[in-house]
Amino acid sequence: MSLCIHCDENILIPIFNDHDMDHKEPFCCSGCMTVFNVINNKGLEKYYEIKRNSAIFKRRSPADNKFQQFSFLDGQDFLNEYSYQNQTETKTMEFYLEGIHCLACLWLIEKLPEYLDGALLCRLDMQRSVATVTMKNNAFFSSVARELNNLGYKPHPLKRNQSIHDLKNKEERKMLLKIGIAGAAAGNIMMYAISIYAGADGKLAHLFNIITILFAMPVLLYCSSPFYKNAWNAIKNRTLSIDIPISMALIMGGIFGVYNEIIGVNENFFDSLTALVFLLLLSRYFLTKIQEEGLTANDLNFFYEGNTVLKKEQNKFIEIHPQFLKVGDVIKVSSNEMIPADGVIIEGHTLINSSLLTGESRPINTGLNEKVFSGTINLSNEILIQIEEVKENSRIGKILKKIESGWIQKSHIVDLTNKISKYFVAAVFILSAVLFLTLYMQGKTRTALERSLTLLIVTCPCALALATPLTLTRTLSRASKLGIIIKNNEVIEKLATIKTVFLDKTGTITYGVLKVDSFNTISNSQIPIFEVISSLEKLSVHPVALALKEYSLQNGANIFHPVNNYQELMGKGVYGQIGSHFYEIKNGEIFEDNKRIAYFTLEDHVRKDSKPAIAQLKTLGLDVLMISGDSKLVAEPLAIEAGIESANIFAEMSPENKLAVIEKHSHSIMVGDGANDAMALSRAFVSVAVLGSLDISLRASDIFLTTPGISHLPHLITISRETMKVVRRNLVLSLIYNSISVYAAFTGMISPMVAAIIMPVSSLTVLASTIAGTKKLNENLKQGIN
Amino acid sequence: MEVITILIPLAILLALSFIAGFIWMTMKGQYDDLETPAMRMLIDDKKININSDSNKEKK
């Protein structure tokens, strides 16, 4: 099987350019071919060279480039809301682009000003897939959008003043500032502290001491604010947080240092404390960074609205943005387009794929006066729709709202580290109180105060606080290389406690595509039967037609005969004349001149990897259940084939029912792909979306598998369990170090110098233990699936 | 040892200037996108040949 030149997809039926006589450049679809030609005609063929040489290579999906005018982009209302007016007679707009994947895309898009008049500057942010385009005031953004669309990157204009994004940017900058300042201060303090330890004396030691205090102040007062904030919130909400003992140590350390300076003792713990702040901030920053990879929830809203709609206005159709649709408008939806709002068909009849809403994979025949819903896809004919509900009042809008609230309501767990902090704080307080009292009884008030303060500072649980973020960062980043994208760090800990697995049927256990199950020929036809099929079904996009086309191609049919009087009967079949014979394919039967010559059945097949994966899940001690919107009749044989007992099948489940079942099972994981799963996904203890999921499910889920099927699921469970083992080991290690510090503080052996050794060593031990991992964890992270 | 009275303020000044530079760069947004610029530098600045438009069509 050959690969498409443009998108590197496996090709079922290759198509070629007219001038490409030798068939050297195969394409999977006309979309890819068009984009390839556009790129070449512009002299941008270097794109393919860069793509081939690019190490950062992800597969892109086949180009889906419908020609669009994008004229709505030039309307004044739209410009006011979506574009920035610059002072230099220019304007700027941001576009989210679908299909950005590698260096070659960057090259292609940033070359825009060279092949498009009026465009001045184009900058692409690869992480967000957002292109910022600046144009002359008299140029049109619609031309930019058309160009990007022709190149195969579907553009979605982004609203101006996206305050959420700005806010996030500001937060991130602040975090970076804190890390940078803490690092610089820690480094400088270390230099002067070492001079004091090395034996600087007299005035010099005093000077050095003052310098360390000066450097430490911004760290304690500014950089440490996240710890103080978390600790304060935890106290206010009466929950636990490891940040409470950390803040305590930082504040005590500050007081101790300043107090010593006042009484003329050149001793403080600022070298250890600032380094600790730096390390902690850094590890937390990495952890959040890794979780931000992939899609962010806020960027996804506009997907369900689609892009352009054709609105009828005085017998003409004009392009507008779905945002401006109103109830009562009449719109035209062409074939293979998404319906942008709920409404009623007032002209035409068509097949509708509503798998997004119901999970039902078979298209539904829909005609005049019947209701259609936004988010469903019009498969065959052009229809006119009168709109009844828009945006958040539409059915999908309501589901989205539920998902959002589910996202907030989702049970947050107090992670292991924070649970420990309760005992930790109690132990440290009791110990320092005991220490203070025993020394106080002996009449050494000052020593008592000093030692108990020191105890509070040196037991600062730095290794303890580092243990979890470090381990999770490693697991998350390795997992994302395997194709498991984890969007939430609590998930790992939750996953380790999972007892039940819910699997969706269509697209998760099965391929989600119809395939020919059996094919029986009754009598030979005049023209080879498979050639008849591929010729007749050539134009149809019906899933049955696709299955038949694939099947006949596998059986060696590559000759296409011209078909006369071709007709597709909505949801019933196709017929047409080939040569002197009349052929008909309908209801699983094929007729030649009204004589039945063959019959076939179609089935959605269980994925090859589903059965072993389900078996593995069972050996891990999990209950595997199937939950499906399809009828029991369809679901049961498939489930049994995949290895799920018939008692564990939940069939004929509406999205609402799915939700109810999930909520009944605590410690369960939900794996699904469609919007019918989205509500269940959003409420499940842990949710996993599989490849091919609709954006709505991606948004609702904690984990996204970028490889098809559930083969990664057992790995995911093992990885989480093993990761938790490493976390526990790290916690034990850091507690051992803390006990040593406590002992040293009790006996009075501890000094800032001893602390300066113990603290880094304990952090390094935790780091080493994290990198070492466990044998099982490393194996699973390395190979993933073979 | 008198030289230390100059060296220490100098060292501190140097440290502070680096911190100031870092703050300035962060606020200017130099660290907002850490991925794209690393790739962008791999692309050459050569202008593309737009005139090939007509040749290709004839093929």
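Why does strand β24 (residues 623–627) of chain A count as largely enclosed by the rest of the structure? In this predicted model, the reason is simple: four of the five residues of β24(A) are buried, so the strand is wrapped up by what surrounds it.

The neighbours of β24(A) are worth a look. On one side, strand β17 (residues 500–504) of chain A is joined to β24(A) by five bridges, and the two strands run parallel. Within that pairing, A:L503 sits opposite A:M626 of β24(A). There is a second partner too: strand β25 (residues 649–650) of chain A pairs with β24(A), again in the parallel sense, over two bridges. Here A:M626 turns up once more, with A:I649 as its bridge partner in β25(A). Between β24(A) and β25(A) comes helix α22 (residues 632–642) of chain A, and the three together make a right-handed β-α-β unit.

Stepping back, chain A has 28 helices and 28 strands. Of its 786 residues, 44% are buried. Among the contacts in chain A with a separation of 6 or more, 68% are between residues 24 or more positions apart.

Antiparallel pairing shows up elsewhere in the chain. Six strands of chain A form an open sheet, in the order β7-β6-β8-β15-β10-β13, and the pairing is antiparallel. At the edges are β7 (316–320) and β13 (371–372) of chain A, each of which pairs on one side only. Inside this sheet, strand β10 (residues 342–347) of chain A and strand β15 (residues 383–389) of chain A run antiparallel and are joined by five bridges. One of the facing pairs puts A:E347 opposite A:L384 of β15(A). As general background, strands of a sheet pair through backbone hydrogen bonds, either parallel or antiparallel.

Now for a single residue in a helix. A:T454 lies in helix α15 (residues 445–458) of chain A. This threonine has 27 C-beta neighbours inside 10 Å, and therefore counts as buried. Leaving aside residues up to four places away in sequence, A:T454 touches A:A745 and A:I750. By contrast, A:L503, the residue of β17(A) that stands opposite A:M626, is 49 residues from A:T454 along the chain, and the C-alpha atoms of A:T454 and A:L503 are separated by 54 Å.

Chain A also meets chain B. The contact draws on 25 residues of chain A and 26 residues of chain B. On the chain A side, the elements that give two or more residues are α1 (30–41), α4 (103–110), α5 (112–115), β3 (119–125) and α7 (163–198) of chain A. The largest share comes from α7(A), with eight residues. Sorted by class, that side of chain A has twelve nonpolar, eight polar and five charged residues.

Chain B has a helix that contrasts with the enclosed strand of the opening. Helix α1 (residues 4–27) of chain B is hardly covered, with one buried residue among its 24 residues. Its length adds up nicely: at 1.5 Å a residue, the 24 residues should span 34 Å, and the end C-alpha atoms of α1(B) are 34 Å apart, so the two values agree. After α1(B) comes B:G29, a residue with a positive phi, near 90°.

Note on methods:
Residues numbered from 1 in each chain as written. Chains lettered and ligands numbered in written order. Predicted model: local features only at pLDDT ≥ 70, side-chain atom pairs only at ≥ 80, totals over all residues. Contact = placed C-beta atoms within 7 Å. Nonpolar A, V, L, I, M, F, W, Y, C, P; charged D, E, K, R; others polar. Pairing = 2+ DSSP bridges. Buried ≥ 20, exposed ≤ 12 C-beta atoms within 10 Å, placed from the backbone. Right-handed = clockwise from strand over helix to strand, strands pointing away. Expected span 1.5 Å × (residues − 1).
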